[in-house]
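Thanks for sharing this one. Here are a few notes to read with the model open beside you.

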Amino acid sequence: MPSYSGRFRYLEPDGRVAQSGSCQIAFEADTFKLLPGAGSPLAFDLGDIDEFSPADFDLTLTVYTGKRILLSHFGKAFQNLHHDLLEAHRKRLVQCLLLEDLQEISRFDGIARIDSSRGHIDGDAEFRLYESNLAVLPLSAAGFQWRLAEIDTVRFDERNYAVELESAGERLTVTRLAKRTREFHDALSNAMSRLAEKSAETLARLFPFLDPDQFQQLAGAMKE
């Protein structure tokens, strides 16, 4: 279990300092622990982190309650803290999204932009493509997933070098993938095609008596 020594400030949603001082940070499979030099310790599920905001040598964690933990003065260990904690956080998000047992195809780092019921997102994110789902893990917002069967369109915008996805009236734009933009588009499209093919094969075995129009209607209603 990684352990790091530095300083912290625990901030109320309005910015007031609730607690501060020296501390030790430790985290494992699903739990973040902050042990202050004086005062009560903090512990919470890594999945409770809604925003992960790194600066040059500071890291701010915003949890779902609106409170923030500002971590600083970790010296040369800061980069390891940043990397290891982000990896542990994302691993936990995948578990919370119930994707851990699915077959992962590939990962991509870029920018996610979306306006939806979950709010506005525009910032760095990791995209994890699975056989039946796409996980979007932003730094500045809670992670979420789209089921591939529920994605209506996938479009490669050559002018802006972006991939645009639409699902149930929501649009997700993926950018800053550089040379991997086309790779992301093709991997996503291929995964969707394989999923549709598997679904069609299963429905054909279960309902061999349907005519083509009936089969098409059923396939549209039971995409996965």
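1. A word on the surface to begin with: the chain exposes about 12300 Å², and carbon and sulfur atoms supply 48% of that area. Please keep in mind that this is a predicted model.

2. For the overall make-up, I count 3 helices and 14 strands in the secondary structure. Of the 224 residues, 44% count as buried. Among contacts with a separation of 6 or more, 45% link residues 24 or more positions apart.

3. The largest nonpolar core is a good place to look next. This core has 27 residues, and F127, L134, L148, L165, L172 and F184 have the most contacts inside it. At least two residues each come from β8, β9, β10, β11, β13, β14 and α2. The biggest giver is α2 (181-206), with 6 residues.

4. Do click on L148. Beyond its neighbours within four places in sequence, L148 is in contact with residues including L129, L134, L188, M192 and L195. Apart from this core lies another, of 25 residues, with F8, L34, F44 and L139 among them.

5. I also enjoyed β13. Because 5 of its 6 residues are buried, β13 is largely enclosed by the rest of the structure. On one side, 5 bridges join β13 to antiparallel β12, with T153 partnering E166. The β12–β13 hairpin has 4 residues between its strands, and Y161 in the turn has a positive phi of about 50 degrees.

6. Strand β13 also runs antiparallel to β14, again through 5 bridges, and E164 stands opposite T173. Here the hairpin has 2 residues between the strands, with A168 in the turn at a positive phi of about 50 degrees.

Notes: Residues numbered from 1 in each chain as written. Predicted model: local features only at pLDDT ≥ 70, side-chain atom pairs only at ≥ 80, totals over all residues. Heavy atoms only, no water. Core = buried A, V, L, I, M, F, W, Y, C linked by side-chain atoms within 4.5 Å. Buried < 20%, exposed > 50% of the residue type's maximum accessible area, 1.4 Å probe, protein only. Contact = heavy atoms within 4.5 Å. Areas by Shrake-Rupley, 256 points an atom, 1.4 Å probe, with all protein chains shown as cover. Pairing = 2+ DSSP bridges.
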